[in-house]
Amino acid sequence: MTLRLDDTHDAALRSWVASANAPDCDFPIQNLPFGVFKRRGAADAPRVGIAIGDRILDVYACHRAGLFAGQAADAEAAEAAAACDRPSLNDLAALGRGPRTALRRQAGALLKEGDDRIRSQADWERRLMPAMKDAEMSLPAVIGDYTDFYASVYHATNVGRLFRPDQPLLPNYKYLPIGYHGRASSIVASGTPIRRPCGQAKADDAARPSFGPSKVLDYEVEAGFLVGPGNALGEPIAIGEAEDHLFGICLVNDWSARDLQKWEYQPLGPFLAKSFATSVSPWVVTMEALEPFRVPAFPRPDGDPAPLPHLDQSGIAGRAGLNATFELHLLTPRMRESGNAPFRLSRANCRDLYWTPGQLLAHHASNGCNLRPGDLLGSGTLSGPAKENEGCLLELTLGGKEPIALPGGESRRFLGDGDEVILKAYCEAPGFARIGLGECRGTILPAHPLAGAGGIGPGNPSAGDSPREA
Ligand code: CA
């Protein structure tokens, strides 16, 4: 199965936006991810833009300037550009692959080295291409539904072992993508502070549970897949068409309160341990931009069952997986004060996911459940075979038993107040330009002052705070 490449993937392409040509830039001309921005301090409504270097292409403003109109061949690009006059990606996502690809091609042509159509417009820097530093980013989509999967067999095995040492993986795991319905209302844009949740927890040696601030707060590194056109209720999506219903990929941090989770999760799964916040990155990298980084699906070990027909991707076996590296960096208040750089805690790759993005989507719709444009599918915690690939503190510290040493003499079992968690991701492959997903950030705020009413007491419980451990 060959990759669906075109001239927008040419590694030799350069942009007249000089910052886009830097080797480590997340947003070169081969990427062109979509996001929702607003000029800082301006009264205009947020709308869809394309990241290029350190600037944002205001797609609709370019459309109004006539830059996406003209020949009949541009009709699809113009249709997509018109859908960018919105405060979300939903309408663009609904249009599907054709118009999105046409827009990508046309935007790439406008930004290509030597093209001066944008720069010949009056006041183009302000009107058509504001600097990222002068823009505020919103959530990329109005996310009607959020589903979180459990697609990493490494994560599922590591966590399962903590809870069920004799049977880490349950019998269904290798037959279907395990998931649960998450909470869409508490999905927040990158940079939004995360308040430490309160809830009910029960220590192993306690007779009864108590209510108070979570003492075991964690992050989860995840890939997020944004749904494109979607399906009508009662109409499943065939596995062969699943990828046509994916818009693109973003970063997701599925914040998790492990003490709440441990007490509440049986028998119906996660609830308040997860629903207090989920952070999402501003830029969505399209499936088209990801094409050079498609790889074979995770090789199933001998003895594992073959996927059932509704999940059988043998037709695109060579490109069903995705080679994207995700990194997690932590910046504690003390590191920040002493000028230390964020410290990388993990690095993992989407190619290690047992279930592919297409399988997650097709399985979700297989019972007739309707997926809608802008719905978010989380991969589940992204972990790999090695210790350094583990995508949450629960795994890295073995449930808090083995604290992680940080630069400057600190350590962490779980997150402390003031800790900032930074996700990054990028795709690299020989012969292609590196592209990035940007960042997804969140800083932990102390629990709500009313938390003390539950009896545990207010303030920072911070089970991972190092001074008390040292
Ligand atoms: Ca999760």
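**Close-up views of the predicted model**

**Figure 1. Two domains in one chain.** The domain assignment divides the chain of this predicted model into domain 1, residues 7-137, and domain 2, residues 146-451. Between the C-alpha centres of domain 1 and domain 2 the distance is 29 Å. Where the domains touch, 30 residues of domain 1 are in contact with 28 residues of domain 2.

**Figure 2. The calcium ion and its donor residues.** Coordination of the calcium ion comes from D148 (OD), E220 (OE), E222 (OE) and D254 (OD), at 2.2 to 2.3 Å. Along the sequence, these donor residues follow the spacing D-x71-E-x1-E-x31-D. D148 and D254 link distant parts of the chain, being 106 residues apart. D148 belongs to strand β5 (residues 146-149), while D254 sits in the loop between β13 (246-253) and β14 (256-257). Both D148 and D254 are buried.

**Figure 3. Packing of helices α2 and α4.** Two packed helices are described by the angle between their axes and the distance between the axes. For helix α2 (residues 75-82) and helix α4 (residues 97-111), the angle is about 95° and the axes are 7 Å apart. This angle makes α2 roughly perpendicular to α4, because values from 65 to 115 degrees count as roughly perpendicular.

**Figure 4. Residues between α2 and α4.** On the α2 side, the residues in contact are E76, A77, E79, A80 and A81. They meet G98, P99, A102, L103 and Q106 of α4. Sorted by class, the contact of α2 with α4 has 6 nonpolar, 2 polar and 2 charged residues.

Definitions and conventions: Residues are numbered from 1 along each chain as its sequence is written. This is a predicted model: local features need pLDDT of at least 70, side-chain atom pairs count only at pLDDT 80 or more; totals for chains, interfaces and linings use all residues. Side-chain values use heavy atoms; hydrogens and water are left out. Donors are N, O and S atoms within 2.8 Å of the metal (3.2 Å for Na, K and Ca); water is not among the atoms, so sites may look incomplete. Helices (H or I, at least four residues) and strands (E, at least two) are DSSP runs, numbered from the N terminus. Buried means under 20% relative accessible area, exposed over 50%, partly exposed in between (1.4 Å probe, protein chains only). Axes are lines fitted to C-alpha atoms, for helices over the stretch in contact, and angles run from 0 to 180 degrees between N-to-C directions. Angles under 35 degrees count as roughly parallel, over 145 as roughly antiparallel, 65 to 115 as roughly perpendicular and the rest as oblique. Contact means heavy atoms within 4.5 Å. Ala, Val, Leu, Ile, Met, Phe, Trp, Tyr, Cys and Pro count as nonpolar, Asp, Glu, Lys and Arg as charged, and the others, Gly among them, as polar. Domain bounds come from an automatic or database domain assignment.
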